[in-house]
Amino acid sequence: MKTLILSVVLLTTFSLDSLKIDFGKKKSGRNWWVVNDEVMGGLSEGDAVLTDNSILFKGKVSLDNNGGFSSLRSNFSRKELANYDQVKIRYRSDGIALAMTLSVSRRWYIPNYKTSLVSTNGAWETKIIKLKDFRKHYIGKPMNEMMSDEALNQVIRLGFITDEKKYGDFEFEIDYIEFM
């Protein structure tokens, strides 16, 4: 019994050190899906495919019919992130710029938090971003508020969204996301 309790304590301790979503393990990517602007009448296209080592999100943004975005989103699941200071992401991208989003509500019109990810011109890069640098946005428009500890404990979904309102192709591939 003491061994079982010690094992549980050790596992809990190590799991607080980091939270990692490794898309190289196909199981991690099954709970992610694409939402395009077609939900609002737009004509943008996006698709996500799990590879042996990553999740590949690619498509084409169209501004026709008031469109202009494609997004990749995780399932809803509470993520108490206040114990973490930063997120590390290994990715490569090309074309239209993307942003990482942290949602605190199931309702689309409630502001979320996001940070832009620079294009890597197709080369793999690892970026470390401070969670306090995520900025509050209301339907794509920046607000004058940064991520707080309270908001970090309310995160219920992670995501990525095209971050430029222009026509064009994009390709975004993620190896892993790790909160540290």
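Strand E6, which covers residues 86–95, gives the largest share of the lining of the largest cavity in this predicted model: four residues. That cavity has a volume of about 40 Å³, and a search of the whole structure turns up one cavity of 30 Å³ or more. To find it on screen, pick out the residues that line it, among them Tyr91, Ser93, Asp94, Gly95, Leu117 and Phe172. Sorted by class, the lining comes to seven nonpolar, three polar and one charged residues.

Now for the open space. The largest pocket holds about 790 Å³. Its lining runs to 34 residues, and Phe69, Arg73, Ile139, Gly140 and Ile161 are the ones nearest its centre. Which strand supplies the largest share of that lining? The answer is E12, with six residues. E12 spans 157–162, and it is one of several strands that each bring at least two residues to the pocket, along with E5 (70–74), E7 (98–103), E8 (112–117) and E10 (135–138). As for chemistry, the pocket lining is made up of 14 nonpolar, 12 polar and eight charged residues.

Let's move to the nonpolar core. In soluble globular proteins, nonpolar side chains tend to be buried together. Here the largest nonpolar core has 33 residues, and the members that touch the most others are Leu102, Phe160, Ile177 and Phe179. Strand E13 (168–179) is among the elements giving two or more residues to this core, as are strand E4 (55–61), helix H2 (149–152), E6, E7, E8 and E12. E13 has the largest share of the core, with five residues. Some of these names should ring a bell: E6 also lines the cavity, while E7, E8 and E12 also help to line the pocket.

A few single residues are worth a stop. Ile139, which you met by the pocket centre, sits in the loop between E10 and E11. Its phi is positive, about 45°, although Ile139 is not a glycine. Is Ile139 buried or partly exposed? With a relative accessible area of 46%, Ile139 counts as partly exposed, because that class covers values from 20% to 50%.

Asn121 makes a nice companion. This residue is not a glycine either, yet Asn121 has a positive phi of about 50°. Its home is the loop between E8 and E9. Asn121 has 65% relative accessibility, so it counts as exposed.

Next, look at Met143 in strand E11, residues 141–146. Met143 is partly exposed, with 32% relative accessible area. Leaving aside residues up to four places away in sequence, Met143 touches Pro111, Arg135, Lys136, His137 and Tyr138. Pro111 is 32 residues away from Met143 along the chain, but their C-alpha atoms are separated by 8.9 Å.

Finally, how far can you trust the picture? The protein's mean pLDDT is 88, and 89% of its residues reach 70 or more. Among the elements, strand E9 (residues 125–130) has the highest mean, 98, and helix H1 (residues 2–17) the lowest, 40. Over residues 1–15 the pLDDT is below 50, and this stretch has one contact in the model beyond near neighbours in sequence. Where pLDDT is low, the predicted coordinates should not be read in detail.

Methods:
Residues are numbered from 1 along each chain as its sequence is written. This is a predicted model: local features need pLDDT of at least 70, side-chain atom pairs count only at pLDDT 80 or more; totals for chains, interfaces and linings use all residues. Side-chain values use heavy atoms; hydrogens and water are left out. On a 1 Å grid over the protein atoms alone, a cavity is a set of points where a 1.4 Å probe fits but cannot get out, and a pocket is an open set with protein on both sides within 12 Å along at least five of seven lines; lining residues have an atom within 4 Å of a point. Grid points are joined across faces, edges and corners, and a volume is the space filled by probe spheres set on the points. Ala, Val, Leu, Ile, Met, Phe, Trp, Tyr, Cys and Pro count as nonpolar, Asp, Glu, Lys and Arg as charged, and the others, Gly among them, as polar. pLDDT is the predictor's confidence in each residue, from 0 to 100. Contact means heavy atoms within 4.5 Å. A nonpolar core is a set of buried Ala, Val, Leu, Ile, Met, Phe, Trp, Tyr and Cys residues joined through side-chain atoms within 4.5 Å. Buried means under 20% relative accessible area, exposed over 50%, partly exposed in between (1.4 Å probe, protein chains only).
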